[in-house]
Amino acid sequence: MSLPSEVDVAIIGAGAAGLGAARALENSGLSVVVLEARHRIGGRGYTIMAAPDITFDVGCGWLHSADKNSFAAIAERLNFEIDKTRPPWRQQSFDTGFPLAERLDFIKAIDAFYDRAEEAAKSGRDSAASLHLEPGNRWNQMIDAISTYINGSELDRVSIQDMDAYEDTEINWRVRRGYGALMAAYGAPCPLALDCNVTLIDHSGKRVRIETSRGMLSAGKVIVTVPTNLIADEAIRFHPALPAKVDAARGLPLGLADKVMLTLDQPDALPKDGNLRGATMRTAMGSFHLRPFGEPCIEGYFGGSFARALEDAGSGALAAQSIDEIASLLGNDYRRKLKPLAESRWAHDPFACGSYSHALPGHAGDRAILAAPVDGRLFFAGEATSANFFSTAHGARDSGERAAGEVILSK
Ligand SMILES: Cc1cc2nc3c(=O)[nH]c(=O)nc-3n(C[C@H](O)[C@H](O)[C@H](O)COP(=O)(O)OP(=O)(O)OC[C@H]3O[C@@H](n4cnc5c(N)ncnc54)[C@H](O)[C@@H]3O)c2cc1C
């Protein structure tokens, strides 16, 4: 749509949070526009067809805490089939490279680590999660590797209070046509201005003045949903400045997780929805989902500083690393059977600059600071503002709905 010159409510960002806010305001009687820098909606929720028979969720893929996930009901309403196959994260197909006895030992060690961290969190004091690793435990690197997938970061940068606040019901489902595709369908009715990069939110006057790459508009109220790294780096600025928001965003940086999709020749040799993990004694390693939904492909997942190094090495590095790791487990034949299709580069994406937020040690309280409204006119949503479902798509969506409720109450 063309950019209106005035609206009641401007929502910045058309990811899950912005779309959640816009949908919640649709019968409010307020005029609304969602200003989105990209040429598409969904933000960190993005599904592509990597090949005609291969669906690739480049960002979020799992409906975490699915029994409490608001996108589950939305999927049903929009006729998106939900797949309830259990995730294979704790398995290892063929027992290759990581035999069952070792795996059970590892599971014991990681469960004990989480128990210690949870116990320590009860004191009310915060600390780095890495301090609760058992000194010298042989599985510490691998526990750290799992943190790079879950938090996008190694444990020394993760707050135990924040870890403890996260609500994981351990039920995880998927959407057959893709989580990003579901988000796009959910957001389709929203009033959108795409390719509209917001650079300044000037709240010094009676109305809020918003500068964008498509011109200027004024709004009575604004809901900001952009990722924390963009607020922290002041890629989007406020006038007067909001140092408390910038500080809170800096305490909640986006960690990094990246995905790669490989097409697989002779897929029937591998189990549907299987799992493979490379070296078991390193933090720098990938995790591989074999034939998701039975499709002829393998999806690789990398996190933390290893993902960052692979992104920095340039396009194709994630695929090359994946093929090396898979060939070392399943045999050199797989070098011929696997071909790169697509990979993410979330750290280099200027409108994300990372994957999902975690709180630095001592900064778990920053989520509430970031979420708090300013002067009854500026409201904040986005996954990082969620008290218990941060880092997720449904946490983001629900936070948008929460901010929309605050706007309505402040009328
Ligand atoms: C690889 C990966 C895997 C993931 N896996 C899962 C998973 O399995 N399950 C899960 O629940 N979550 C997962 N997530 C996290 C989930 O995708 C995010 O938490 C969620 O989508 C964030 O939504 P949001 O609305 O807060 O932010 P975003 O989706 O980032 O939306 C913000 C929007 O703001 C726009 N924007 C930025 N700057 C500006 C500007 N200046 N002007 C205008 N617009 C701007 C952006 O383009 C974007 O569209 C994953 C993320 C990644 C990257």
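A polar contact here is a pair of N or O atoms within 3.5 Å; within protein, one must be able to donate a hydrogen and the other to accept it, and residues adjacent in sequence count only if both atoms are side-chain atoms. Keep that in mind as we click around. You're looking at a predicted model, where local features need pLDDT of at least 70, side-chain atom pairs count only at pLDDT 80 or more, and totals for chains, interfaces and linings use all residues. Residues are numbered from 1 along each chain as its sequence is written, and side-chain values use heavy atoms, with hydrogens and water left out.

**Stop 1: the ligand**

Select E383 and look at its backbone: an N or O atom there lies 2.9 Å from an oxygen atom of the ligand. Taken alone, the ligand exposes 1000 Å², and the protein buries 98% of that (Shrake-Rupley accessible area, 1.4 Å probe). Now try V198, where a backbone N or O atom is 2.8 Å from a ligand nitrogen atom. Next click N197: a polar side-chain atom of this residue sits 2.9 Å from a nitrogen atom of the ligand.

Show the whole shell next, meaning residues with a heavy atom within 4 Å of the ligand. There are 38 of them, and the closest are E36, R44, W62, V198 and A393. Colour the shell by type and you get 21 nonpolar, 13 polar and four charged residues. (Ala, Val, Leu, Ile, Met, Phe, Trp, Tyr, Cys and Pro count as nonpolar, Asp, Glu, Lys and Arg as charged, and the others, Gly among them, as polar.) Highlight α1 (16-24) and α13 (393-409): each supplies at least two shell residues. Helices are DSSP runs of H or I with at least four residues, strands are runs of E with at least two, and both are numbered from the N terminus.

**Stop 2: small strands**

Which strand holds the bridge partner of W62? Select R174 in β7 to see that partner. β5 and β7 (residues 173-175) pair in the antiparallel sense over two bridges; strands pair if DSSP finds at least two bridges between them. The open sheet here has three strands in the order β5-β7-β6. Its edge strands, β5 (62-63) and β6 (82-83), each pair on one side only.

Then move to β3 (residues 47-51) and β4 (residues 54-57), antiparallel strands joined by four bridges. A hairpin links β3 to β4 through two residues. Finish by selecting T47, and find D57 opposite it in β4.
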